[in-house]
Amino acid sequence: MKQNQILTPMRRVRGLGAAHTGTQDFWHQRITSVAAIPLTIALVVIVISLLGRSHAAVVQILGSPIVAIIMLLFIINTAYHMWIGLQEIIIDYVHEDKLKLVTLMANTFFVFAIAFASAFAILKLSFGV
Amino acid sequence: MAELEAGTTTAAQRPRPLSPHLQVYKFMLSYLMSGLHRISGFVLYFGVLLIAWWLVAAAAGPNAYGNFEWFMGSLIGRLVLLGYTWALLHHLLGGIRHLIWDLGYGFEPAEREFLALATIVGSISLTLIVWVVGYLAMGGPR
(Lines give C-alpha, C1' and ligand atoms only; values in the text may rest on other atoms or scores of the structure.)
Protein backbone atom coordinates (compact mmCIF):
# COMPACT_ATOMS: atom_id res chain seq x y z
CA MET A 1 0.00 0.00 0.00
CA LYS A 2 2.33 2.68 -1.24
CA GLN A 3 -0.27 5.43 -1.02
CA ASN A 4 -0.64 4.88 2.72
CA GLN A 5 2.86 6.25 3.22
CA ILE A 6 1.64 9.81 2.59
CA LEU A 7 -1.19 9.55 5.12
CA THR A 8 -0.65 11.49 8.33
CA PRO A 9 -0.58 9.36 11.49
CA MET A 10 -3.70 11.22 12.63
CA ARG A 11 -5.59 10.15 9.51
CA ARG A 12 -4.67 6.53 10.09
CA VAL A 13 -5.97 6.79 13.64
CA ARG A 14 -9.14 8.75 13.03
CA GLY A 15 -10.12 7.77 9.53
CA LEU A 16 -10.42 10.13 6.60
CA GLY A 17 -11.06 13.52 8.20
CA ALA A 18 -13.85 16.06 7.73
CA ALA A 19 -13.98 15.66 3.95
CA HIS A 20 -13.81 11.83 4.26
CA THR A 21 -11.07 11.74 1.63
CA GLY A 22 -7.99 12.46 3.76
CA THR A 23 -5.04 13.74 1.75
CA GLN A 24 -6.55 12.64 -1.58
CA ASP A 25 -7.08 16.18 -2.92
CA PHE A 26 -3.52 17.17 -1.94
CA TRP A 27 -2.07 14.12 -3.65
CA HIS A 28 -4.21 14.43 -6.79
CA GLN A 29 -3.27 18.11 -7.07
CA ARG A 30 0.39 16.98 -7.12
CA ILE A 31 -0.26 14.31 -9.77
CA THR A 32 -2.12 16.75 -12.03
CA SER A 33 0.52 19.47 -11.50
CA VAL A 34 3.30 17.14 -12.66
CA ALA A 35 1.21 16.15 -15.70
CA ALA A 36 0.49 19.84 -16.37
CA ILE A 37 4.18 20.65 -16.96
CA PRO A 38 4.61 18.87 -20.33
CA LEU A 39 0.96 19.47 -21.30
CA THR A 40 1.24 23.25 -20.78
CA ILE A 41 4.45 23.41 -22.81
CA ALA A 42 2.69 21.40 -25.54
CA LEU A 43 -0.29 23.80 -25.45
CA VAL A 44 1.98 26.82 -25.90
CA VAL A 45 3.73 25.14 -28.85
CA ILE A 46 0.39 24.17 -30.45
CA VAL A 47 -1.08 27.67 -30.04
CA ILE A 48 2.03 29.35 -31.49
CA SER A 49 2.05 26.97 -34.46
CA LEU A 50 -1.61 27.86 -35.19
CA LEU A 51 -1.25 31.66 -34.96
CA GLY A 52 -2.45 33.45 -38.07
CA ARG A 53 -3.50 30.25 -39.85
CA SER A 54 -6.81 29.92 -41.70
CA HIS A 55 -9.80 28.18 -40.12
CA ALA A 56 -9.38 25.18 -42.44
CA ALA A 57 -5.73 24.75 -41.45
CA VAL A 58 -6.56 25.11 -37.74
CA VAL A 59 -9.28 22.46 -38.04
CA GLN A 60 -6.92 20.09 -39.81
CA ILE A 61 -4.10 20.51 -37.27
CA LEU A 62 -6.29 20.48 -34.12
CA GLY A 63 -8.11 17.43 -35.45
CA SER A 64 -4.96 15.42 -36.19
CA PRO A 65 -4.63 12.50 -33.74
CA ILE A 66 -1.49 13.58 -31.86
CA VAL A 67 -2.62 17.18 -31.36
CA ALA A 68 -6.18 16.12 -30.48
CA ILE A 69 -4.95 13.59 -27.91
CA ILE A 70 -2.61 16.17 -26.32
CA MET A 71 -5.42 18.73 -26.19
CA LEU A 72 -7.82 16.20 -24.64
CA LEU A 73 -5.23 15.28 -22.00
CA PHE A 74 -4.63 18.99 -21.33
CA ILE A 75 -8.35 19.67 -20.90
CA ILE A 76 -9.05 16.67 -18.65
CA ASN A 77 -5.95 17.24 -16.50
CA THR A 78 -6.58 20.99 -16.25
CA ALA A 79 -10.25 20.48 -15.38
CA TYR A 80 -9.45 18.23 -12.43
CA HIS A 81 -6.55 20.45 -11.28
CA MET A 82 -8.64 23.64 -11.37
CA TRP A 83 -11.57 21.91 -9.68
CA ILE A 84 -9.40 21.00 -6.68
CA GLY A 85 -7.73 24.43 -6.73
CA LEU A 86 -10.91 26.50 -6.66
CA GLN A 87 -12.43 24.18 -4.07
CA GLU A 88 -9.41 24.90 -1.86
CA ILE A 89 -9.86 28.66 -2.35
CA ILE A 90 -13.59 28.44 -1.55
CA ILE A 91 -12.97 26.39 1.60
CA ASP A 92 -10.36 28.93 2.72
CA TYR A 93 -12.40 32.10 2.19
CA VAL A 94 -16.14 31.28 2.11
CA HIS A 95 -17.40 30.55 5.61
CA GLU A 96 -21.15 31.05 5.28
CA ASP A 97 -22.66 27.57 4.90
CA LYS A 98 -25.17 28.16 2.11
CA LEU A 99 -22.82 30.36 0.08
CA LYS A 100 -20.11 27.73 0.48
CA LEU A 101 -22.49 25.02 -0.73
CA VAL A 102 -23.55 27.11 -3.73
CA THR A 103 -19.99 28.09 -4.75
CA LEU A 104 -18.68 24.52 -4.35
CA MET A 105 -21.54 23.30 -6.53
CA ALA A 106 -20.97 26.08 -9.08
CA ASN A 107 -17.30 25.06 -9.22
CA THR A 108 -18.28 21.52 -10.18
CA PHE A 109 -20.82 22.71 -12.77
CA PHE A 110 -18.34 25.16 -14.34
CA VAL A 111 -15.55 22.60 -14.57
CA PHE A 112 -17.80 19.93 -16.08
CA ALA A 113 -19.25 22.40 -18.59
CA ILE A 114 -15.80 23.59 -19.70
CA ALA A 115 -14.37 20.08 -19.87
CA PHE A 116 -17.27 18.59 -21.82
CA ALA A 117 -17.59 21.53 -24.24
CA SER A 118 -13.84 21.47 -24.97
CA ALA A 119 -13.65 17.68 -25.25
CA PHE A 120 -16.71 17.61 -27.54
CA ALA A 121 -15.15 20.30 -29.76
CA ILE A 122 -11.86 18.39 -30.03
CA LEU A 123 -13.63 15.13 -30.89
CA LYS A 124 -15.80 16.89 -33.47
CA LEU A 125 -12.69 18.44 -35.06
CA SER A 126 -11.02 15.05 -35.00
CA PHE A 127 -13.85 12.96 -36.42
CA GLY A 128 -14.97 15.73 -38.77
CA VAL A 129 -18.71 15.19 -38.34
CA MET B 1 -16.22 18.58 41.14
CA ALA B 2 -13.83 21.38 40.33
CA GLU B 3 -12.20 19.24 37.70
CA LEU B 4 -15.56 18.40 36.17
CA GLU B 5 -16.62 22.07 36.04
CA ALA B 6 -13.30 23.07 34.58
CA GLY B 7 -13.73 20.36 32.00
CA THR B 8 -17.20 21.47 30.96
CA THR B 9 -16.38 25.17 30.72
CA THR B 10 -13.05 24.98 28.90
CA ALA B 11 -14.45 23.16 25.89
CA ALA B 12 -17.15 25.78 25.34
CA GLN B 13 -15.34 28.96 26.40
CA ARG B 14 -11.69 28.60 25.51
CA PRO B 15 -11.01 30.31 22.16
CA ARG B 16 -10.36 27.76 19.49
CA PRO B 17 -6.89 27.82 17.91
CA LEU B 18 -6.83 29.75 14.63
CA SER B 19 -4.49 29.40 11.69
CA PRO B 20 -2.20 32.40 11.29
CA HIS B 21 -3.39 34.48 8.35
CA LEU B 22 -1.90 37.12 6.03
CA GLN B 23 -1.45 39.91 8.58
CA VAL B 24 1.01 38.05 10.83
CA TYR B 25 3.64 37.50 8.14
CA LYS B 26 6.44 39.87 7.25
CA PHE B 27 6.21 41.07 3.68
CA MET B 28 8.84 39.32 1.58
CA LEU B 29 9.27 38.29 -2.04
CA SER B 30 8.42 34.67 -1.16
CA TYR B 31 5.22 35.95 0.48
CA LEU B 32 4.30 37.87 -2.66
CA MET B 33 5.02 34.82 -4.83
CA SER B 34 2.85 32.64 -2.59
CA GLY B 35 -0.04 35.06 -3.08
CA LEU B 36 0.61 35.39 -6.81
CA HIS B 37 0.52 31.61 -7.21
CA ARG B 38 -3.01 31.48 -5.86
CA ILE B 39 -4.10 34.63 -7.73
CA SER B 40 -2.66 33.37 -11.04
CA GLY B 41 -4.40 30.04 -10.47
CA PHE B 42 -7.68 31.86 -9.84
CA VAL B 43 -7.22 33.93 -13.02
CA LEU B 44 -6.41 30.78 -15.05
CA TYR B 45 -9.61 29.17 -13.75
CA PHE B 46 -11.60 31.72 -15.75
CA GLY B 47 -8.94 32.03 -18.45
CA VAL B 48 -9.73 28.47 -19.51
CA LEU B 49 -12.89 29.96 -21.01
CA LEU B 50 -10.58 31.29 -23.76
CA ILE B 51 -9.40 27.75 -24.54
CA ALA B 52 -12.96 26.44 -24.55
CA TRP B 53 -14.13 29.31 -26.78
CA TRP B 54 -11.20 28.71 -29.13
CA LEU B 55 -11.91 24.96 -29.48
CA VAL B 56 -15.70 25.29 -29.74
CA ALA B 57 -15.36 28.12 -32.29
CA ALA B 58 -12.97 26.03 -34.40
CA ALA B 59 -15.43 23.13 -34.27
CA ALA B 60 -18.45 25.36 -35.00
CA GLY B 61 -17.13 26.73 -38.29
CA PRO B 62 -15.40 29.61 -40.10
CA ASN B 63 -17.82 32.32 -38.90
CA ALA B 64 -17.53 31.42 -35.22
CA TYR B 65 -13.77 31.10 -35.60
CA GLY B 66 -13.68 34.49 -37.31
CA ASN B 67 -15.41 36.07 -34.31
CA PHE B 68 -12.87 34.48 -31.99
CA GLU B 69 -9.98 35.68 -34.16
CA TRP B 70 -11.47 39.18 -34.33
CA PHE B 71 -11.66 39.39 -30.51
CA MET B 72 -8.19 37.94 -29.92
CA GLY B 73 -6.77 40.31 -32.54
CA SER B 74 -8.28 43.39 -30.88
CA LEU B 75 -6.31 45.42 -28.36
CA ILE B 76 -8.39 44.10 -25.45
CA GLY B 77 -8.08 40.54 -26.74
CA ARG B 78 -4.31 40.83 -27.00
CA LEU B 79 -4.07 42.27 -23.49
CA VAL B 80 -6.24 39.41 -22.18
CA LEU B 81 -4.03 36.89 -23.99
CA LEU B 82 -0.88 38.57 -22.68
CA GLY B 83 -2.27 38.36 -19.14
CA TYR B 84 -3.29 34.74 -19.70
CA THR B 85 0.18 33.89 -21.02
CA TRP B 86 1.85 35.41 -17.99
CA ALA B 87 -0.59 33.81 -15.50
CA LEU B 88 -0.08 30.41 -17.17
CA LEU B 89 3.72 30.59 -17.16
CA HIS B 90 3.86 32.08 -13.66
CA HIS B 91 1.61 29.36 -12.28
CA LEU B 92 3.71 26.76 -14.13
CA LEU B 93 6.97 28.01 -12.59
CA GLY B 94 5.33 28.53 -9.18
CA GLY B 95 4.05 24.97 -9.38
CA ILE B 96 7.52 23.63 -10.15
CA ARG B 97 8.79 25.61 -7.12
CA HIS B 98 6.15 23.90 -4.96
CA LEU B 99 7.13 20.48 -6.34
CA ILE B 100 10.77 21.22 -5.42
CA TRP B 101 9.60 21.99 -1.88
CA ASP B 102 7.42 18.85 -1.84
CA LEU B 103 10.57 16.81 -2.51
CA GLY B 104 12.20 18.47 0.50
CA TYR B 105 14.62 20.82 -1.25
CA GLY B 106 14.99 24.61 -1.27
CA PHE B 107 13.99 25.52 2.28
CA GLU B 108 17.14 27.47 3.23
CA PRO B 109 16.59 31.28 3.36
CA ALA B 110 18.85 31.99 0.38
CA GLU B 111 17.28 29.15 -1.61
CA ARG B 112 13.76 30.39 -0.86
CA GLU B 113 14.65 33.89 -1.99
CA PHE B 114 16.30 32.52 -5.13
CA LEU B 115 13.26 30.39 -5.98
CA ALA B 116 10.92 33.35 -5.45
CA LEU B 117 13.06 35.62 -7.63
CA ALA B 118 13.48 32.90 -10.27
CA THR B 119 9.69 32.46 -10.42
CA ILE B 120 8.90 36.10 -11.16
CA VAL B 121 11.92 36.82 -13.38
CA GLY B 122 11.38 33.53 -15.20
CA SER B 123 7.66 34.07 -15.77
CA ILE B 124 8.12 37.59 -17.17
CA SER B 125 11.07 36.52 -19.37
CA LEU B 126 9.26 33.43 -20.67
CA THR B 127 6.15 35.51 -21.44
CA LEU B 128 8.24 37.91 -23.51
CA ILE B 129 10.00 35.03 -25.28
CA VAL B 130 6.69 33.27 -26.07
CA TRP B 131 5.22 36.49 -27.48
CA VAL B 132 8.30 37.28 -29.57
CA VAL B 133 8.28 33.71 -30.95
CA GLY B 134 4.51 34.03 -31.52
CA TYR B 135 4.90 37.23 -33.54
CA LEU B 136 7.83 35.75 -35.47
CA ALA B 137 5.70 32.69 -36.27
CA MET B 138 3.04 35.00 -37.71
CA GLY B 139 5.69 36.83 -39.76
CA GLY B 140 5.98 39.95 -37.59
CA PRO B 141 3.54 42.16 -35.65
CA ARG B 142 0.23 42.88 -37.33
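This is a short talk on how chains A and B are built and how they meet.

Keep in mind that we are looking at a predicted model.

Let's start with chain B. What are its elements? Chain B has 5 helices and 0 strands. From the N terminus the order is α-α-α-α-α. Now the overall form. The radius of gyration of chain B is 23 Å, and the globule rule gives 14 Å for 142 residues, so chain B is more spread out than a compact globule. Along the principal axes, the C-alpha atoms of chain B fill a box of roughly 85 × 40 × 25 Å. Of the 142 residues in chain B, 22% are buried. And the contacts? Take those in chain B with a separation of 6 or more: 69% of them join residues 24 or more positions apart.

Next, the contact between the chains. How many residues does each chain put in? Chain A brings 27 residues and chain B brings 24 residues. On the chain A side, four helices each supply at least two residues: α2 (24–50), α3 (55–63), α4 (65–93) and α5 (97–127). Which one gives the most? That is α2(A), with 9 residues. By type, the chain A side splits into 17 nonpolar, 8 polar and 2 charged residues.

Now one helix pair inside chain A. Two packed helices are described by the angle between their axes and the distance between the axes. For α3(A) and α5(A), the angle is about 100 degrees and the axes are 8 Å apart. An angle of 65 to 115 degrees counts as roughly perpendicular, and α3(A) and α5(A) are therefore roughly perpendicular to each other. Which residues meet there? From α3(A) come Val59(A), Leu62(A) and Gly63(A); from α5(A) come Ile122(A), Leu125(A) and Ser126(A). That contact has 4 nonpolar residues, 2 polar and no charged.

Last, the core. The largest nonpolar core has 36 residues. Those with the most contacts inside it are Leu62(A), Ala79(A), Met82(A), Leu125(A), Leu55(B) and Ala58(B). Two of these names, Leu62(A) and Leu125(A), also appear where α3(A) meets α5(A). Which helices feed this core? In chain A, α2, α3, α4 and α5 each supply at least two residues; in chain B, α2 (29–60), α3 (62–73) and α4 (75–102) do so. The top contributor is α2(B), with 9 residues.

Look at Met82(A) in that core. What does Met82(A) touch, leaving out residues up to four places away in sequence? Its contacts are Val111(A), Tyr45(B) and Val48(B).

Notes
Residues are numbered from 1 along each chain as its sequence is written. Chains are lettered from A and ligands numbered from 1 in the order in which they are written. This is a predicted model: local features need pLDDT of at least 70, side-chain atom pairs count only at pLDDT 80 or more; totals for chains, interfaces and linings use all residues. Two residues are in contact if their C-beta atoms, placed from the backbone, lie within 7 Å. Ala, Val, Leu, Ile, Met, Phe, Trp, Tyr, Cys and Pro count as nonpolar, Asp, Glu, Lys and Arg as charged, and the others, Gly among them, as polar. The radius of gyration is taken over C-alpha atoms; the globule rule is 2.2 Å times the number of residues to the power 0.38. A residue is buried if 20 or more other C-beta atoms lie within 10 Å of its own, exposed if 12 or fewer, and partly exposed in between; C-beta atoms are placed from the backbone. Axes are lines fitted to C-alpha atoms, for helices over the stretch in contact, and angles run from 0 to 180 degrees between N-to-C directions. Angles under 35 degrees count as roughly parallel, over 145 as roughly antiparallel, 65 to 115 as roughly perpendicular and the rest as oblique. A nonpolar core is a set of buried Ala, Val, Leu, Ile, Met, Phe, Trp, Tyr and Cys residues joined through C-beta atoms within 7 Å.
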